[in-house]
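Here is my note on the model you asked about. Have it open while you read.

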Amino acid sequence: MTGTFGRGPVLSMDTLVRVRRELAAPRTPAVDASRRLVLPEGMTAPLGCDAVTVPARFGPLILPRLPRVGCVYADAAHWWWLVPSDSDYALEWPVPARYTTGALLPDLPRAPGLIHRPEGDVPYTPPIPLYLALCRITGTTPTWSRPVSA
């Protein structure tokens, strides 16, 4: 696609945000693939994968609040929800949730187990319903509902 009067390609806001993030990201060595959550066989992640980690006590409270549940991984301490890449754009995920780009795992003795696999081949939990469920459970006001100060 070209811009008005053939002046070059038109960039979408999504592309601009992604480019800005890539430029601002610190240069780190390649991450060992074993440090990422692994997709179940037959699933694809066309939008990339990030993860939202919550303490395990919140997991059962979140599940019934979601219209669709994607891949969920768990161990005794945490649950990990796969979301499309850049699902943190313009959102402040409520504490104690942690947002991890690339669905990276912390240093764990072993990878968490898959406790939910959705039907079909897409692993994502929709990020906005997940965000709202987390806000509700933690008593946090969603970012867009907070008063703006001048």
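**Notes on the fold and its cores**

1. Of the 150 residues in the protein chain, 34% are buried (under 20% relative accessible area with a 1.4 Å probe, protein chains only; exposed is over 50%, partly exposed in between). Keep in mind that this is a predicted model, where local features need pLDDT of at least 70, side-chain atom pairs count only at pLDDT 80 or more, and totals for chains, interfaces and linings use all residues. Residues are numbered from 1 along each chain as its sequence is written, and side-chain values use heavy atoms, leaving out hydrogens and water.

2. The chain has 3 helices and 5 strands, counted as DSSP runs (H or I, at least four residues, for helices; E, at least two, for strands) and numbered from the N terminus. Their order from that end is α-β-α-β-β-β-β-α.

3. Now look inside. The largest nonpolar core (buried Ala, Val, Leu, Ile, Met, Phe, Trp, Tyr and Cys residues joined through side-chain atoms within 4.5 Å) has 22 residues. V52, V54, I62, W81, W93, L130 and L134 touch the most other members. Strands 1 (50–55), 2 (72–74) and 3 (78–83) and helix 3 (127–138) each supply at least two residues of this core, and helix 3 gives the most, with 6. Another core, of 11 residues, lies apart from it and includes A51, C71, L82 and Y124.

4. Which residues does W93 contact, leaving aside neighbours within four places in sequence? They are V52, S87, D88, Y99, P127, L130, Y131 and L134, where contact means heavy atoms within 4.5 Å.

5. Finally, find W144 in the segment after helix 3. W144 counts as partly exposed because its relative accessibility is 48%.
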